[in-house]
Amino acid sequence: MAYTNNPKPGSAACRDYFAGLETTFGEKKHCAADLKVRNPSAVEVRNGLGNYEVMRGAGELVDPDAGEYCYLQATADGRPDDMYLWSIPAGIS
């Protein structure tokens, strides 16, 4: 999880990379037809690519009382409602 705060090559480069992937993914020669008919898998992938910055920011959140990453707390808790909030930006329901 600590890598989300200090990735190399850096957040701007990663943001641009994922934005490029999202654009390419939606092109006619790739998955445009699947996106047009709202294929759930294609939509989920596109949403995940488009939400890089949201997920990166969320991944950096630390519970100040426990000193732990919030995502890891939600994962370890094992309650489906805790993990549901983390899946919303990716369009997973």
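1. A salt bridge, as the term is used in this note, is a side-chain nitrogen of Lys or Arg within 4 Å of a carboxyl oxygen of Asp or Glu. Arginine 56 and glutamate 60 form such a bridge, with their closest N and O atoms 2.7 Å apart. The structure under review is a predicted model, and the values quoted below are to be read accordingly.

2. On the two partners of this bridge: arginine 56 is buried, because its relative accessible area of 16% falls under the 20% limit. Glutamate 60 has a relative accessible area of 28% and is therefore partly exposed.

3. Overall architecture. The protein contains six helices and two strands. Read from the N terminus, the order of the elements is α-α-α-α-β-β-α-α, so that the two strands follow one another after four helices, and two further helices come after them.

4. Burial and surface. The protein has 93 residues, of which 22% count as buried. Its exposed surface comes to about 6,400 Å², and carbon and sulfur atoms supply 58% of that area. Among contacts with a separation of 6 or more, 53% are between residues 24 or more positions apart.

5. Salt bridges in helices 1 and 4. A search of the whole structure gives three salt bridges. Besides the one already described, the side chains of arginine 15 and aspartate 16 meet at 3.4 Å, N to O. Arginine 15 also forms a salt bridge with glutamate 53, where the closest N and O atoms are 4.0 Å apart. This second pair links distant parts of the chain: glutamate 53 belongs to helix 4 and arginine 15 to helix 1, and the two are 38 residues apart.

6. Exposure within that group. Arginine 15 is partly exposed, with a relative accessible area of 33%. Aspartate 16 also counts as partly exposed, at 47% relative accessibility. Salt bridges that share partners join Arg15, Asp16 and Glu53 into one network.

7. Aromatic pairs. Which aromatic pairs does the structure contain, and how are their rings arranged? A search of the whole structure finds two. In one, the ring centres of tyrosine 17 and phenylalanine 18 lie 5.7 Å apart and the planes stand at 80 degrees, so the pair is edge-to-face. In the other, the rings of phenylalanine 18 and tyrosine 52 have centres 4.8 Å apart and planes at 10 degrees, so this pair is stacked. The stacked pair links distant parts of the chain, since phenylalanine 18 is in helix 1 (residues 11-25) and tyrosine 52 is in helix 4 (residues 52-59), 34 residues apart.

8. The aromatic cluster. Tyr17, Phe18 and Tyr52 form one aromatic cluster. Its members span three classes of exposure: tyrosine 17 is exposed, with a relative accessible area of 53%; phenylalanine 18 is partly exposed, at 25%; and tyrosine 52 is buried, at 16%. The class of tyrosine 17 follows because exposed means over 50% relative accessible area. Helices 1 and 4 are thus linked by the stacked rings of phenylalanine 18 and tyrosine 52 and by the salt bridge of arginine 15 with glutamate 53.

9. Cysteines. How many disulfides are found in the whole structure? The search finds zero. As for exposure, cysteine 14 is buried, with a relative accessible area of 15%, whereas cysteine 70 is partly exposed, at 24%.

10. Nonpolar surface patch. Tyr84, Leu85 and Ile88 form a nonpolar patch on the surface, with about 310 Å² of accessible area together. Tyrosine 84 lies in helix 6 (residues 80-87). This residue is partly exposed, with a relative accessible area of 42%.

11. A backbone point for inspection. Most residues other than glycine have a negative phi. Arginine 38, however, has a positive phi, near 60 degrees. The residue sits in the loop between helix 2 (32-36) and helix 3 (40-50). Is arginine 38 buried or exposed? Arginine 38 is exposed, with a relative accessible area of 54%.

Note on methods:
Residues are numbered from 1 along each chain as its sequence is written. This is a predicted model: local features need pLDDT of at least 70, side-chain atom pairs count only at pLDDT 80 or more; totals for chains, interfaces and linings use all residues. Side-chain values use heavy atoms; hydrogens and water are left out. A disulfide is a pair of cysteine sulfur atoms within 2.5 Å. Buried means under 20% relative accessible area, exposed over 50%, partly exposed in between (1.4 Å probe, protein chains only). Rings of Phe, Tyr and Trp (its six-membered ring) pair if their centres lie within 6.5 Å; planes under 30 degrees apart count as stacked, over 60 as edge-to-face and the rest as tilted. Patches are made of residues with over 30% relative accessible area and no salt bridge: like charges are joined within 9 Å, nonpolar side chains (Val, Leu, Ile, Met, Phe, Trp, Tyr) within 5 Å. Accessible areas come from the Shrake-Rupley method with a 1.4 Å probe; for residues, only the protein chains shown count as cover. Contact means heavy atoms within 4.5 Å.
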